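Trainee: I should like to learn how to read the features of a structure that is new to me. May we go through it together, one feature at a time?

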Amino acid sequence: MKETVIILGSNGQIGTELAIALREKFGVENVVTTDIREPQNLGSHDIFHPINVLDKEALKALFLTYKPTQVYLLAAMLSATGEQYPQKAWDLNMNGLLNVLDLAVELGIKKIFWPSSIAVFGPHSPKVNTPQYCVMDPNSIYGISKLSGERLCEYYHAKYGLDIRSIRYPGIISWKTAPGGGTTDYAVHIFFEALAKGAYQSFLSENTALPMMYMNDAVRATLQLMDAPAEQLRIRSSYNLAGISFTPAEIAEEIKKILPNFDMSYAQGDPRQAIADSWPQSIDDTYAQQDWDWSLHFDLPAMTKDMIENLKNNNS
Ligand code: NAD
């Protein structure tokens with residue numbers, strides 16, 4: 001069957017690379033990218049429309065024009081920025097999702113992808129090997145919106161049969177596009193500054209372990225979940241995905257193996273520390289392994305090597 005794909009919020013950290021992968025998979029002519037901002041780089045055959053996901057009429061017109069079989073909703077306000085603008089974060093993260101869910105039901109869109117986050121967990125969730133099902137008491141507006149979004153996804157699946165699929169992404173590390181205001185952004189900034197200045201000051205303390213994932217794995221996981229037979233998917237809220245867990249001190253050590261003069265220091269009192277402290281240190285992703293054969297390719301050394309090689313090539 002011919003697939004037609006629409007990405008909403010395609011110019012961000014994940015959308016930029018997911019768009020490349022989806023164009024490779026389905027053909028440039030079958031992937032429609034959209035964002036509230038104009039894209040910086042657009043291939044001559046790439047399709048782009050400026051769309052605000054909060055404008056339901058514009059979204060409906062877009063869906064009626066292209067009749068997508070798959071929609072990827074990536075437009076959101078992330079954890080750190082969300083704390084500065086809680087009302088806006090709630091509005092975008094909830095109403096953007098509701099608009100897409102309602103239109104998908106109304107227009108019979110076959111498959112939806114919407115990412116959740118490890119931010120759905122909170123201070124009373126188990127911190128190590130956090131299971132799929134446990135106490136969830138997120139205390140950031142971002143985490144609260146993601147947990148509410150998960151409940152909506154499961155509800156729309158149960159009530160309307162909507163085929164919506166979701167992953168709780170860990171912090172995503174990538175070199176093509178800058179991250180969009182999350183608590184895990186340090187693990188991307190550190191590479192840029194290591195190469196540009198030979199030094200980095202982390203806004204998280206040296207022993208703050210968080211789950212992270214290299215973009216190549218995150219994109220591969222997304223495509224794999226979207227390809228999985230519907231009847232194999234036991235989870236319609238959002239799948240845990242473990243990635244790699246490390247602290248700022250551990251990633252600094254790994255960078256030093258390639259750039260021995262790299263100097264790491266730690267700032268104190270950053271508000272992102274409190275968010276990080278409420279999140280898991282590591283995740284149990286048994287359901288993803290069992291239901292859609294998930295396995296990780298990039299560990300910390302492999303990711304560090306690939307990041308540095310790509311950033312060096314990019315700057316030369
Ligand atoms: P990002 O901030 O880099 O990109 C989001 C994009 O949405 C931006 O290009 C922005 O212009 C666009 N956007 C904002 N408001 C919009 C609106 N009203 N209408 C249309 N577009 C709008 O975010 P990202 O890192 O690419 O994240 C994508 C998704 O993945 C989000 O749902 C995020 O919560 C989730 N996620 C990301 C991470 C991560 O580490 N990057 C981790 C967990 C979950």
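Mentor: Let us begin with a term that will be needed shortly: helices are DSSP runs of H or I with at least four residues, numbered from the N terminus. Please keep in mind that this is a predicted model.

Trainee: Which helix holds both Arg151 and Glu154, and about how many helical turns separate them?

Mentor: Both residues belong to helix 5, and because they are three residues apart there, about one helical turn separates them. Their side chains meet in a salt bridge, with N and O 2.9 Å apart.

Trainee: What is the general idea behind such a pair?

Mentor: Side chains of opposite charge can pair when their charged atoms come close. The working cut-off is a side-chain nitrogen of Lys or Arg within 4 Å of a carboxyl oxygen of Asp or Glu. By this rule the structure has 16 salt bridges.

Trainee: Are Arg151 and Glu154 buried or exposed, or something in between?

Mentor: A residue is called buried under 20% relative accessible area and exposed over 50%, with partly exposed in between. Arg151, at 44%, is therefore partly exposed. Glu154 also counts as partly exposed, at 29% relative accessibility.

Trainee: Which salt bridge links distant parts of the chain?

Mentor: Consider Arg23 and Asp46, whose closest N and O atoms are 3.3 Å apart. Arg23 is in helix 1, while Asp46 is in the loop between strand 2 (31-35) and strand 3 (47-50); the two are 23 residues apart, and the pair links distant parts of the chain. Arg23 has 14% relative accessibility and so counts as buried.

Trainee: How should I read the salt bridge of Glu193 and Lys197?

Mentor: Read the distance, then the accessibility of each partner. The N to O distance between the side chains of Glu193 and Lys197 is 3.3 Å. Glu193 is partly exposed because its relative accessibility is 27%, whereas Lys197 is exposed because its relative accessible area is 60%. Salt bridges may also be read as a group: Asp163, Arg165 and Arg236 are linked in a network of them.

Trainee: Let us turn to the ligand. How many residues surround the ligand, and which are the closest?

Mentor: One reads a binding site by listing its shell and then its polar contacts. Here 26 residues surround the ligand, and the closest are Gln13, Asp35, Arg37, Asn52 and Tyr142. The shell divides into 14 nonpolar, nine polar and three charged residues.

Trainee: Which atoms of Asn52, Val53 and Ile172 lie at short listed distances from the ligand?

Mentor: An N or O atom in the side chain of Asn52 is 2.8 Å from a nitrogen atom of the ligand. For Val53, a polar backbone atom is 3.0 Å from a ligand nitrogen. For Ile172, a backbone N or O atom lies 2.9 Å from a ligand oxygen. The protein buries 91% of the 830 Å² that the ligand exposes when taken alone. The elements that give two or more residues to the shell are helix 1 (13-26), strand 6 (116-117), helix 5 (141-160) and strand 9 (171-173).

Trainee: Which residues form a nonpolar patch on the surface?

Mentor: Val105, Tyr155 and Tyr160 form it, and together they have about 290 Å² of accessible area. Tyr160 lies in helix 5, and it counts as partly exposed because its relative accessibility is 44%.

Trainee: With which side chain does Gln70 make a polar contact?

Mentor: Its partner is the side chain of Tyr72, at 2.6 Å. Gln70 is found in strand 4 (residues 70-73) and is buried, since its relative accessibility is 2%.

Trainee: Finally, what can backbone angles tell me about Lys67 and Asp293?

Mentor: One looks at the sign of phi, then at the location. Lys67 is a residue other than glycine with a positive phi, near 45 degrees. Lys67 is in the loop between helix 2 (56-66) and strand 4, and at 60% relative accessibility it counts as exposed. Asp293 likewise is not a glycine and has a positive phi of about 60 degrees. Asp293 lies in the loop between helix 10 (286-292) and helix 11 (300-315), and is exposed, with a relative accessible area of 63%.

Note on methods:
Residues are numbered from 1 along each chain as its sequence is written. This is a predicted model: local features need pLDDT of at least 70, side-chain atom pairs count only at pLDDT 80 or more; totals for chains, interfaces and linings use all residues. Side-chain values use heavy atoms; hydrogens and water are left out. A residue is near a molecule or strand if one of its heavy atoms lies within 4 Å of it. A polar contact is a pair of N or O atoms within 3.5 Å; within protein, one must be able to donate a hydrogen and the other to accept it, and residues adjacent in sequence count only if both atoms are side-chain atoms. Accessible areas come from the Shrake-Rupley method with a 1.4 Å probe; for residues, only the protein chains shown count as cover. Ala, Val, Leu, Ile, Met, Phe, Trp, Tyr, Cys and Pro count as nonpolar, Asp, Glu, Lys and Arg as charged, and the others, Gly among them, as polar. Patches are made of residues with over 30% relative accessible area and no salt bridge: like charges are joined within 9 Å, nonpolar side chains (Val, Leu, Ile, Met, Phe, Trp, Tyr) within 5 Å. Buried means under 20% relative accessible area, exposed over 50%, partly exposed in between (1.4 Å probe, protein chains only).
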